[in-house]
Amino acid sequence: MRQSKSRKFRLWPLLAVNFFMADMQSGIGPFVGVFLAQRGWDSGLIGTALTIGNIAGMLITTPVGGFIDTSNHKRAWVIIPGAAVVAGSSIILLWQNFWAVAASQVATAIAGAAIVPAVTGITLGIVGQNGFNRQNGRNQAFNHAGNMVGAAASGFLGWHFGYVSVFLLAATFGAITIACVLMIPPGSIDHRAARGSKEEEPDSQHSAFAVLLKHKTLLVLGLALAVFHLGNAAIVPLYGISAVTDSQTNGPSFVATIVVIAQGTMVIASIVGMRIAEKRNYWLLILVSFLMLPLRGLFAFFLTGWWGVVPVEILDGIGIGLQSVAVPGMIARSLYSTGRVNLAQGAVITIQGAGAALSPALGGFIANYIGFSPTFLVLGGLGLAAAAIWIVLGAAVKQY
């Protein structure tokens with residue numbers, strides 16, 4: 001009984017970390033596009049600045065995952081990056097020249113890249129392989145709820161007090177996140193379990209080269225996610241810029257509405273996804289998530305501004321909510337016994353990040369030439385391409 005109570009004590013700080021890190025991790029990221037658009041930046045220049053940051057985050061994520069596998073100080077991989085995100089966000093408020101904004105996006109992306117595999121490792125280290133699916137589902141539900149609350153509060157504060165208040169809220173969430181991480185006892189994290197080593201072979205660790213280049217599940221998953229995010233990542237910033245440009249919509253409140261609807265849906269989707277994964281497998285969840293993107297592109301094409309917010313962001317919430325459970329779960333399950341789970345997690349984030357990094361620039365420049373609405377159809381079509389890859393190469397991953 002005492003052991004059960006002790007375990008619950010360890011899990012509540014972990015859930016709190018997931019809740020509060022959501023707003024800290026992105027800083028003022030969701031508001032950057034409309035913030036710069038209202039200060040005279042065109043969509044192509046905004047997309048380029050965001051892309052530079054995304055590329056930096058993409059390049060660092062895989063080695064960071066490898067470091068987390070070998071580190072016995074996993075809590076520090078949440079604390080230090082969190083502080084860096086808050087510092088990076090403040091730069092945008094002080095200077096709006098191109099290189100200052102690009103530098104802030106680089107700092108934010110690099111720091112944010114470390115947080116996800118670090119929390120995955122901490123979770124595995126506390127609950128082990130058998131408890132990971134359910135605990136990860138709870139983690140994601142709390143994370144999406146934190147995003148929703150943070151976005152709603154940011155929208156309200158930004159509307160009434162300006163963008164400085166959005167930064168101050170992110171900084172507050174960052175301080176609370178650090179306090180919650182410190183409440184997790186270091187001794188509660190089994191570092192062998194955290195990197196996916198077998199209990200009977202505590203020091204087993206496969207070659208990083210073999211894991212990254214020869215593991216078919218990892219390669220197929222990364223490729224399909226890269227194509228999906230190439231289309232998906234640009235829709236929210238373009239949708240916000242389109243609404244602000246065309247109808248003079250209040251920037252902070254509009255972006256907050258987008259995030260709140262999407263994240264609220266993700267809470268439900270992550271819990272449902274966790275339950276489905278317990279009865280079936282992760283392959284189906286990821287396929288459904290890919291099919292949300294073409295539907296989203298259609299709604300964004302036909303319904304612009306406030307009319308399209310609800311269906312566009314509900315579909316986004318379903319897709320990303322399912323992926324938030326299925327992707328870490330499939331990696332942890334398929335890489336079990338390799339001792340390289342966090343390296344693999346970082347590698348997949350890197351590969352999908354390649355698509356996400358190019359997406360804002362691609363979408364921004366397409367929108368400059370053909371307009372916002374047709375661009376949504378082009379981006380949505382990439383969801384069908386991701387689904388086709390997943391189905392055709394499904395034999396390598398369907399057992400998971």
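The questions and answers below walk through the helices, buried residues and aromatic rings of a predicted model.

User: Hi! Before we start, what should I know about the numbering and which residues count?
Analyst: Happy to help: residues are numbered from 1 along each chain as its sequence is written, and side-chain values use heavy atoms, with hydrogens and water left out. Because this is a predicted model, local features need pLDDT of at least 70, side-chain atom pairs count only at pLDDT 80 or more, and totals for chains, interfaces and linings use all residues.

User: How many helices and strands does the protein have, and what share of its residues is buried?
Analyst: Helices (H or I, at least four residues) and strands (E, at least two) are DSSP runs, numbered from the N terminus. On that basis the protein has 15 helices and zero strands. Buried means under 20% relative accessible area, exposed over 50% and partly exposed in between, with a 1.4 Å probe and protein chains only. Of the 400 residues, the buried share is 59%.

User: How are H3 and H5 oriented to each other?
Analyst: Axes are lines fitted to C-alpha atoms, for helices over the stretch in contact, and angles run from 0 to 180 degrees between N-to-C directions. The axes of H3 (residues 43-70) and H5 (residues 98-161) come within 7 Å and cross at roughly 30°. Angles under 35 degrees count as roughly parallel, over 145 as roughly antiparallel, 65 to 115 as roughly perpendicular and the rest as oblique. The crossing angle therefore makes H3 and H5 roughly parallel.

User: And how does H9 run against H15?
Analyst: Helix H9 (residues 216-232) packs against H15 with the axes 7 Å apart, at an angle of about 170°. Among the residues making the contact are Val-227 and Phe-228 of H9 and Ile-389 and Trp-390 of H15. The angle makes the pair of H9 and H15 roughly antiparallel.

User: Which residues form an aromatic cluster with Trp-390?
Analyst: Rings of Phe, Tyr and Trp (its six-membered ring) pair if their centres lie within 6.5 Å; planes under 30 degrees apart count as stacked, over 60 as edge-to-face and the rest as tilted. Trp-283 and Trp-390 are stacked, at 6.4 Å centre to centre and 15° between the planes, while Phe-290 and Trp-390 are edge-to-face because their planes stand at 90°, with centres 6.0 Å apart. The cluster joins Trp-390 with Phe-228, Trp-283 and Phe-290.

User: How far apart in sequence are the parts that Trp-283 and Trp-390 tie together?
Analyst: Both Trp-283 and Trp-390 are buried. Trp-283 lies in helix H12 (residues 282-302) and Trp-390 in helix H15 (residues 372-392), so the pair ties together parts whose separation in sequence is 107 residues.

User: Is Glu-313 buried or exposed, and which residues does it touch?
Analyst: Glu-313 sits in helix H13 (residues 306-334). Its relative accessibility is 1%, so Glu-313 counts as buried. Contact means heavy atoms within 4.5 Å. Not counting residues up to four places away in sequence, Glu-313 touches Val-236, Ile-258, Ile-261, Ala-262, Thr-265 and Arg-296.

User: What about Asn-18: buried or exposed, and in contact with which residues?
Analyst: Asn-18 is found in helix H1 (residues 2-26). With a relative accessible area of 2%, Asn-18 is buried. Leaving aside neighbours within four places in sequence, Asn-18 is in contact with Val-119, Asn-139, Phe-142 and Asn-143.
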